Amino acid sequence: MASAPDIFDYRRRRALRGRSAGAPSLFLEWMADDLGERLSAVSREFRDILLLGPVARFREKLALPAEAAIRHAALSEAEAQDGAELCTEDALPFEPASFDLIISAGTLDSVNDLPGALIQIRRSLKPDGLFLGTMFGAGSLPALKRCMIAADGDRTAAHIHPQIDVRSTGDLLSRAGFAMPVADGDRLTLRYGDPLRLINDLREAGTGNALAGPRASIGKAGLARLFEAWAGMVEADGKLSERLELISLSGWAPSPDQAKPARRGSASVSLADALRSGGKKADQGG
């Protein structure tokens with residue numbers, strides 16, 4: 001079987017994650033809040049838990065059982081504290097059936113082999129174990145993308161990596177062998193008066209240009225074009241609406257005594273309506 005192409009440079013990815021280690025991150029905090037809310041709706045005790053990536057910084061929001069054995073898989077040397085294993089999601093170092101709960105936030109959109117990562121997460125779960133995750137989805141950051149295109153001028157360069165959509169993510173969960181897979185979309189709308197504030201928030205979440213291949217700085221002229229493009233899109237209050245598309249994932253490791261999913265189309269209430277009412281909105285000021 002052919003290996004997945006190296007879309008991302010993992011050295012750059014680790015560097016981005018390392019620079020964000022310990023920094024406050026509104027994006028990751030919102031994800032952790034959502035994960036904690038979804039976890040609170042699960043009537044199940046979890047004893048062996050893996051926190052995959054930076055979600056470990058917000059473990060208090062997850063309300064995990066005090067008696068649980070909790071391990072941390074770090075994505076950079078700076079995050080690998082207190083015995084955490086350093087790894088990537090598509091190369092997990094754990095034995096099969098090691099955990100009954102695995103949680104991930106904000107990183108699965110930047111792995112080279114997302115199908116392989118989901119398969120390894122499923123294999124690391126005990127029978128009837130649960131995976132909960134949140135990732136950035138397709139359609140995120142449309143305003144910033146337009147500004148970066150303007151900043152490049154006559155040349156073309158990739159600054160923001162492509163992301164997967166909700167439907168494709170659900171298909172990958174099924175292909176990875178999860179029982180009762182669910183992929184649900186949500187939109188986070190943000191208001192910024194300064195593009196550098198948005199870029200800083202992305203960096204604090206460890207999100208940046210980790211694409212493989214050569215890179216070039218936009219330079220002072222490019223930065224001026226970025227600000228000019230931004231100014232041309234701001235609204236009457238001097239701020240610009242930007243959005244993040246968030247994908248929530250869940251799936252269970254198969255088990256013989258597991259409840260069977262309901263017939264497709266038989267639900268009367270959607271998962272999104274059950275967990276929240278409408279998209280999130282925040283004002284990030286200047």
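This dialogue reads selected features of a predicted model, from its strands to its enclosed space.

Trainee: Let us begin with the sheet. Which strands pair with strand 1, and in which sense?

Mentor: One reads a sheet by listing the partners of each strand. Here strand 1, residues 48-52, pairs in the parallel sense with strand 4 over four bridges. Strand 1 also pairs with strand 2 in the parallel sense, over five bridges.

Trainee: Which residues stand opposite Leu52 in strand 2 and in strand 4?

Mentor: Leu52 faces Ala73 in strand 2, and Ser104 is opposite Leu52 in strand 4. Another pair that links strand 1 with strand 4 is Ile49 and Leu101.

Trainee: How many bridges join strand 4 to strand 5?

Mentor: Strand 4 and strand 5 (residues 125-136) run parallel and are joined by six bridges. Within this pairing, Ile102 has Phe131 of strand 5 as its bridge partner.

Trainee: What kind of unit do strand 4, helix 3 and strand 5 make?

Mentor: For such a unit one follows the path from strand to helix to strand and notes its hand. Strand 4, helix 3 (residues 114-124) and strand 5 make a β-α-β unit that is right-handed.

Trainee: How many residues of strand 4 and of strand 1 are buried?

Mentor: Burial is read from relative accessible area, with buried meaning under 20%. In strand 4, residues 99-105, seven of seven residues are buried, and the strand is mostly covered. Strand 1 is mostly covered as well, with four of its five residues buried.

Trainee: Let us turn to charged side chains. Is Glu89 buried or exposed, and why?

Mentor: Glu89 counts as buried because its relative accessibility is 0%. Its place is in the loop between strand 3 (85-86) and strand 4.

Trainee: Which side chains make polar contacts with that of Glu89?

Mentor: For a charged group with little accessible area, one looks next at its polar partners. The side chain of Glu89 has a polar contact of 3.0 Å with the side chain of Arg13, and another of 2.6 Å with that of Thr107.

Trainee: Where does Arg38 lie, and is it buried or exposed?

Mentor: Arg38 belongs to helix 2, which spans residues 26-40. With a relative accessible area of 8%, Arg38 is buried.

Trainee: Which residue shares a side-chain polar contact with Arg38?

Mentor: Thr134 does: the two side chains are joined by a polar contact of 3.3 Å. One may also compare separation along the chain with separation in space. Arg38 and Leu132 are 94 residues apart along the chain, and 8.5 Å separates their C-alpha atoms.

Trainee: Why is a positive phi noted for a residue that is not a glycine?

Mentor: The sign is noted because most residues other than glycine have a negative phi. In this model, Ala63 has a positive phi of about 50 degrees, and Met180 likewise has a positive phi of about 50 degrees.

Trainee: Where are Ala63 and Met180 placed, and how accessible are they?

Mentor: Ala63 is in the loop between strand 1 and strand 2 (69-74). Ala63 counts as exposed because its relative accessibility is 65%. Met180 is in strand 6, residues 179-192, and is partly exposed at 27% relative accessible area.

Trainee: Now the open space. What is the volume of the second largest pocket, and which residues lie nearest its centre?

Mentor: A pocket is read through its volume, then its lining. The second largest pocket has a volume of about 880 Å³. Its lining comprises 35 residues, with His159, Arg203, Gly208, Asn209 and Arg215 nearest the centre. Elements giving two or more residues to this lining are helix 1 (10-20), helix 4 (142-152), helix 6 (195-204) and helix 7 (219-231). By class, the lining has 20 nonpolar, ten polar and five charged residues.

Trainee: How many cavities of 30 Å³ or more does the structure hold?

Mentor: The structure holds one. The largest cavity contains about 90 Å³ of space. Among its lining residues are Arg13, Arg17, Thr107, Asp109, His161 and Gly208. Its lining has two nonpolar, seven polar and three charged residues.

Trainee: Which residues named earlier reappear in that lining?

Mentor: Arg13 and Thr107 line the largest cavity, and their side chains make polar contacts with that of Glu89. Gly208 also lines the largest cavity, and Gly208 is among the residues nearest the centre of the second largest pocket.

Conventions. Residues are numbered from 1 along each chain as its sequence is written. This is a predicted model: local features need pLDDT of at least 70, side-chain atom pairs count only at pLDDT 80 or more; totals for chains, interfaces and linings use all residues. Side-chain values use heavy atoms; hydrogens and water are left out. Buried means under 20% relative accessible area, exposed over 50%, partly exposed in between (1.4 Å probe, protein chains only). A polar contact is a pair of N or O atoms within 3.5 Å; within protein, one must be able to donate a hydrogen and the other to accept it, and residues adjacent in sequence count only if both atoms are side-chain atoms. On a 1 Å grid over the protein atoms alone, a cavity is a set of points where a 1.4 Å probe fits but cannot get out, and a pocket is an open set with protein on both sides within 12 Å along at least five of seven lines; lining residues have an atom within 4 Å of a point. Grid points are joined across faces, edges and corners, and a volume is the space filled by probe spheres set on the points. Ala, Val, Leu, Ile, Met, Phe, Trp, Tyr, Cys and Pro count as nonpolar, Asp, Glu, Lys and Arg as charged, and the others, Gly among them, as polar. Two strands pair if DSSP finds at least two bridges between them. A crossover is right-handed if, with the strands pointing away from the viewer, the path from the first strand over the helix to the second runs clockwise.
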